[in-house]
Amino acid sequence: MAESSLIGEYGVYIDGNWVEPDTGRYDVVNPATELVLASAPDAGVAQVKQAISGARAAFDSGPWAVADPAERSRCLQQLSDALLARGDEIYALAQAEWGCTANERLIHVEGPAFMVGRAAELALEPAEAPMDAWGAAGTTLLRYEPLGVVAAMTPWNFPHTLNVMKLGAALAAGNTLVLKPSPLTPLAGLALARLIDEQTDIPPGVVNVVTPSSVEASRILTVDPRVDMVTFTGSSAVGRDVMAGAATSMKRILLECGGKSATILLDDVNLTDELFERLLFEGCTMHAGQACILNSRLVVPDKLHDDVVDRLAELARNVTVGDPTDDATGMGPLISRQHLDRVEGFVRRAESDGAKIVAGGRRPAGLDRGFYFEPTVLTDATAESFIAQEEVFGPVLTVLRYRGDDEAVGIANDSAYGLGGAVWGTDIERAIGLARRIRTGQVSINGTIPGDAPFGGFKQSGIGREGGVIGLRAYMEPKAIGVPA
C-alpha cells in the first residue's frame, strides 16, 4: 500500500478551523488487518451544534449563497483537480480504512473527482427562467434558491464517493454543509475537509465535518431547527429515524436507503463468460457485497437455472479473497467483526430455511486476521424467504427460478425495496418492456448503466433523487414570481 499523508490524527473541522474534540477520540480499525489505523475525533452534542452554527452563519452572512455561480463553479473545480492530483493518497486511505481493492479504484477514487467536476458544471445551471403558466395574465418566473444549511449523513461502504456526491450537489446549489461520516470511516470525511481547507477557495464555514460516535450527537443534525435539509444514505431502518427527527421542524429530506435489487435473465440471453463475471461482481463481490445497489437476487428461467448456477459457483470459488493492497485480490474484507457475524448469520439462517449453498458460505481458510467472508451463491430459496427479502449487505447472491415473464417481474417486485435492477436478453424491446414494469428507481439493460441520471429508490429504498440537474434541484427550493405584463 502506498503511503498516504491523508491518514492521520485530525480534529473536527468547524468554520474553517481544526478543533480538538470535546468528547475524546475513538479508534479507526483497518478491516483487512484488524489493526488500529488512527484515532478519530469524537464530537459531542455541543460540538455538533457549533458546526451547525458555523454553517448557519456562513449561509446567512457569508458570501457563498449569494456568490456568482461562476465563482462556486471555480471553487468546485479546484476540489475536483485536488482529488485527481491526490488520487494515489486517497486510494491508500480507501484500501486502509474501508478495504477498497484495485478493481474498484475507479468507483472509490477517480469517480468522486469526476463527480465534483460535474458539480462545477451544474453550479452554472440557470437558477431562474420564464415558464409557461396556464391562465397567467403576465409572466411567471420560476426561480430555484438554495435551501440553506444541509446536514449530510453518509455510510461506511462508499464513504468518499458519497461524501463528495452530497457535498458537490449541496455546494453547487449554494448551500452550506455539515458533513457527518460514519464512525467506521471518519477519515474519509476529514481528509476531504483537509483538501478543501488547503487546496480550494471555498470560504470558511461553508463545509464543516464532525465525526461523532454517539447516536445522541448525530441526532442533533436531524432535529436542530437551524438545519434546513437532511440528506442521508444508509439503512432503511435508520432512514426512518432520520425522517422522524426531520419532521419536528419539517426539514427537507433526501434519503437513499436499502436495496434488494433483482437481475432478470431472459430465456434468450447470451450466456457469455463476460456476462457471468458481471453477474457475480454486480450481484455478489462488488466491495464484498457492501453496496445498496447490489443486484443480490438473480432471477433465472427454469430451463437455464442449473447451467447458470454451475458456472456462477465455479467463478465464485475462483475469486481471490484477501489483502486489498494486493492487486491480484478480487474481493476484500467486510467492514467490521460485527458485520461479519451478521452476514454469516444470514447464510446460516438461509440454510436452516432450506436454501442450498453451492459456493462459499463461510470464512475463508487461512485468513485468520481480517473480516473476510467467501463469495456465496445460494439456490433453492423461495422468493418469500428471509434471505430473498432482507438486505444482507455482504457477498451473498440468491438465485431464484421463474417460468414466464410475468412471474419474473412478480419476483423482482416482491420486495420492500426498489433501488436498482437489471435485465439481460437478446430482444431489447422485450427487455425494455420488463424494465418499465419493475418498481425500482434504476434499471440497466444488458449492462447499460443510466448516465448522469436521477438516482434513488421506490418504496423503502428512499425518498428523492441524486445526480444530474434533478439531483441539483433536490438541494434547492422552487419559487414562482408573477410579473405583470
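1. In this predicted model, strand β3 (residues 25–29) and strand β4 (residues 36–41) are joined by 5 bridges and pair in the antiparallel sense. Tyr26 has Ala40 of β4 as its bridge partner. The two strands form a hairpin, with 6 residues between them. Within the turn, Glu34 has a positive phi of about 65°. For context, most residues other than glycine have a negative phi.

2. Two further residues invite the same kind of inspection. Asn446 has a positive phi, near 50°, and is a residue other than glycine. Asn446 is placed in the loop between β19 and β20 (458–459). Its relative accessibility is 28%, so Asn446 counts as partly exposed. Lys459, which is not a glycine either, has a positive phi of about 50°. Lys459 belongs to strand β20. With a relative accessible area of 39%, Lys459 is partly exposed.

3. An open sheet is formed by 3 strands in the order β5-β6-β22, with antiparallel pairing. Its edge strands are β5 (128–131) and β22 (476–483), each of which pairs on one side only. From one strand to the next, the twist averages 30°. Between β5 and strand β6 (residues 139–146) there are 4 bridges, and these two strands run antiparallel. As a point of register, Met131 stands opposite Thr140 in β6.

4. A second open sheet has 7 strands, ordered β14-β15-β16-β13-β12-β18-β19, and its pairing is mixed. The edge positions are taken by β14 (356–359) and β19 (444–445), and each pairs on one side only. Strand β15 (residues 376–379) is joined to β16 by 3 bridges, and the two run parallel. In this pair, Leu378 stands opposite Thr398 of β16. In general terms, strands of a sheet pair through backbone hydrogen bonds, either parallel or antiparallel.

5. Helices pack on this 7-strand sheet. Helix α9 (residues 273–285) touches β12 (262–265), β13 (297–301), β15, β16 and β18 (421–424). The direction of α9 makes about 120° with that of β16. Helix α11 (residues 337–352) lies across β14, β15 and β16. Relative to β14, α11 runs at about 120°.

6. Is Thr398 buried or exposed? Thr398 lies in strand β16 (residues 396–402). Its relative accessible area is 0%, and therefore Thr398 is buried, the cut-off for that class being under 20%. Neighbours within four places in sequence left aside, Thr398 is in contact with Ser296, Arg297, Leu298, Leu378, Ala381 and Ile387. Among these contacts is Leu378, the residue that stands opposite Thr398 in the pairing with β16.

7. Turning to helix pairs, the axes of helix α3 (residues 87–98) and helix α6 (residues 186–199) come within 9 Å and cross at roughly 160°. That angle makes α3 roughly antiparallel to α6, because angles over 145 degrees are placed in that class. The crossing of α3 past α6 is right-handed. On the α3 side, the contact is made by Ile90, Leu93, Glu97 and Trp98; on the α6 side, by Pro186, Leu187, Ala188, Ala191 and Leu195. Sorted by class, the contact has 8 nonpolar, no polar and 1 charged residues.

8. The axes of helix α13 (residues 405–413) and helix α14 (residues 428–437) come within 10 Å, and they cross at roughly 35°. This crossing of α13 and α14 is right-handed. Helix α13 contributes Asp405, Asp406, Val409 and Asn413 to the contact, while α14 contributes Arg430, Leu434 and Arg437. Which classes do the residues of the contact of α13 with α14 divide into? They comprise 2 nonpolar, 1 polar and 4 charged residues.

Notes
Residues numbered from 1 in each chain as written. Predicted model: local features only at pLDDT ≥ 70, side-chain atom pairs only at ≥ 80, totals over all residues. Heavy atoms only, no water. Buried < 20%, exposed > 50% of the residue type's maximum accessible area, 1.4 Å probe, protein only. Contact = heavy atoms within 4.5 Å. Axes fitted to C-alpha atoms, helices over the stretch in contact; angles between N-to-C directions. Left-handed = near helix turned anticlockwise from the far one by under 90°. Nonpolar A, V, L, I, M, F, W, Y, C, P; charged D, E, K, R; others polar. Parallel < 35°, antiparallel > 145°, perpendicular 65-115°, else oblique. Pairing = 2+ DSSP bridges.
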